[in-house]
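Thanks for taking a look at this one with me. I have put together a few notes that may help you find your way around.

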Amino acid sequence: TIQDYISKNKLSPKKHSSGIYYIIKSEGSGNNPTISSTVTVHYKGFFLDGSQFDGSTTAPIVFPLSNLIAGWQIGIPLIKKGGEIKLIISSALAYGPKGQGPIPPNSVLVFDINLVDFK
């Protein structure tokens, strides 16, 4: 499913050892956040069909990275403050067989994330 999405959208992501796929659009500058960081992000979350299920609106959102799905815990530390990344996350590293809210079980998720800041 992920490979179909990648070829259909003509993407050239890297594959992390965890299994997530990512494209660093902009690396940012300074240090990288860690699992213990609190991150401030603008983001949009999509299903593979391109429909958006979540995202920040005008103001960025603040999250402890340790409280987020494994795909974000792995992907966000790949960039620095000001960086932008696209993550393609298997259901095993997202919400798995249970799903959550508008996210059905076993959903592959795509996120566009801009790391505004972190502490």
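The points below go through the sheet pairings, the cores, the pocket and a few single residues.

1. A word before you start: what you see is a predicted model. Residue numbers count from 1 along the chain as its sequence is written.

2. A good place to begin is strand β7, which spans 109–118. It runs antiparallel to β3, and 9 bridges join the two strands. One of the pairs to look for is V39 with its bridge partner F118 in β7. Strand β7 also pairs with β6, again in the antiparallel sense, over 6 bridges. There, L87 has F111 as its bridge partner in β7.

3. Next, please turn to the largest nonpolar core, which has 23 residues. Which residues have the most contacts inside it? They are V41, W72, I76, L87, I89, F111 and I113. Three strands each supply at least two residues of this core: β3 (38–47), β6 (84–89) and β7 (109–118). A second, separate core has 8 residues, and F46, I88, V108 and V110 are included in it.

4. F111 deserves a closer look, being among the residues with the most contacts inside the largest core. Leaving aside residues up to four places away in sequence, F111 touches Y43, K44, G45, F53, I69, W72, I85, K86, L87 and I89. Two of the names in that list, W72 and I89, also appear among the residues with the most contacts inside the core. L87 is on the list too, and L87 is the bridge partner of F111 as well.

5. Now for the open space. The largest pocket has a volume of about 250 Å³. Its lining is made up of 13 residues, and those nearest the pocket centre are Y43, F53, D54, Y95 and I103. What classes of residue form the lining? By class, there are 10 nonpolar, 2 polar and 1 charged residues. Y43 and F53, both named here, are also residues that F111 touches.

6. Two backbone angles are worth checking. Most residues other than glycine have a negative phi. K10, however, has a positive phi, near 55°. This residue is found in the loop between α1 (2–8) and β1 (14–15), and K10 counts as exposed because its relative accessibility is 74%. N106 also has a positive phi, near 60°. N106 lies in the loop between β6 and β7, and its relative accessibility of 52% is why N106 counts as exposed.

7. Back in strand β3, have a look at T38. Is T38 buried, exposed or partly exposed? At 31% relative accessibility, T38 counts as partly exposed. The C-alpha atoms of T38 and F63 are separated by 5.5 Å, although these residues are 25 residues apart along the chain. Not counting residues up to four places away in sequence, T38 touches V62, F63, P64, L65, D117, F118 and K119. F118 is familiar from the second point, as the bridge partner of V39.

8. Last, a stop in helix α1, where Q3 is found. With a relative accessible area of 47%, Q3 is partly exposed. Between Q3 and Y21 the C-alpha to C-alpha distance is 9.9 Å, and the two residues are 18 residues apart in sequence.

Note on methods: Predicted model: local features only at pLDDT ≥ 70, side-chain atom pairs only at ≥ 80, totals over all residues. Heavy atoms only, no water. 1 Å grid on protein atoms, 1.4 Å probe; cavity = no way out; pocket = protein on both sides within 12 Å on 5 of 7 lines; lining within 4 Å. Points joined across faces, edges and corners; volume = space filled by probe spheres on them. Nonpolar A, V, L, I, M, F, W, Y, C, P; charged D, E, K, R; others polar. Core = buried A, V, L, I, M, F, W, Y, C linked by side-chain atoms within 4.5 Å. Buried < 20%, exposed > 50% of the residue type's maximum accessible area, 1.4 Å probe, protein only. Helix = DSSP H or I, 4+ residues; strand = E, 2+ residues; numbered from the N terminus. Contact = heavy atoms within 4.5 Å. Pairing = 2+ DSSP bridges.
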